[in-house]
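Thanks for sharing this one. Here are my notes, in the order I would go through them with you.

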Amino acid sequence: MKELNDFSLFILAYREDHHLSKNKLALMLDVTKETIKIWEEGEANPRYDTLIKISRVTHTPVTHFFPIDCI
């Protein structure tokens with residue numbers, strides 16, 4: 001099994017903590033539920049413009065999604 005990255009863990013935990021289905025979160029972010037699945041499995045990461053949406057929806061600073069050495 002692929003090791004999950006920090007973003008994968010974040011998006012999965014956020015969805016579960018807020019009792020959201022993949023479909024509901026996808027609608028909130030204007031992506032497909034398949035995209036949510038891919039993120040949660042660590043197969044891909046969102047583009048920067050999508051990170052902005054995620055930041056707004058989750059009330060999480062966008063800088064949270066970048067390693068400290070990238071800032």
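1. Let me begin at Trp 39: outside its neighbours within four places in sequence, Trp 39 is in contact (heavy atoms within 4.5 Å) with Phe 7, Ser 8, Ile 11, Leu 29, Val 31, Ala 44, Asn 45, Pro 46, Thr 50 and Ile 54.

2. A word on the basis: this is a predicted model, where local features need pLDDT of at least 70 and side-chain atom pairs count only at pLDDT 80 or more, while totals for chains, interfaces and linings use all residues. Residues are numbered from 1 along each chain as its sequence is written, and side-chain values use heavy atoms, leaving out hydrogens and water.

3. Trp 39 also belongs to the largest nonpolar core, which has 14 residues; Phe 7, Leu 25, Trp 39, Ile 54 and Phe 65 have the most contacts inside it. Such a core joins buried Ala, Val, Leu, Ile, Met, Phe, Trp, Tyr and Cys residues through side-chain atoms within 4.5 Å; buried means under 20% relative accessible area with a 1.4 Å probe, protein chains only. Two or more residues come from each of α1 (6-17), α2 (22-29), α3 (33-40) and α4 (48-58), with the largest share, four residues, from α1. Helices here are DSSP runs (H or I, at least four residues), numbered from the N terminus.

4. Which residues of α4 are buried? They are Thr 50, Leu 51, Ile 54, Ser 55 and Thr 58. These lie on the same side of α4, because they cover an arc of only 150° around the axis, taken from the directions from the helix axis to the C-beta atoms. Their cover includes α1, α2 and α3.

5. Please also look at His 59, which follows α4 and has a positive phi, near 55°.

Conventions:
Buried < 20%, exposed > 50% of the residue type's maximum accessible area, 1.4 Å probe, protein only.
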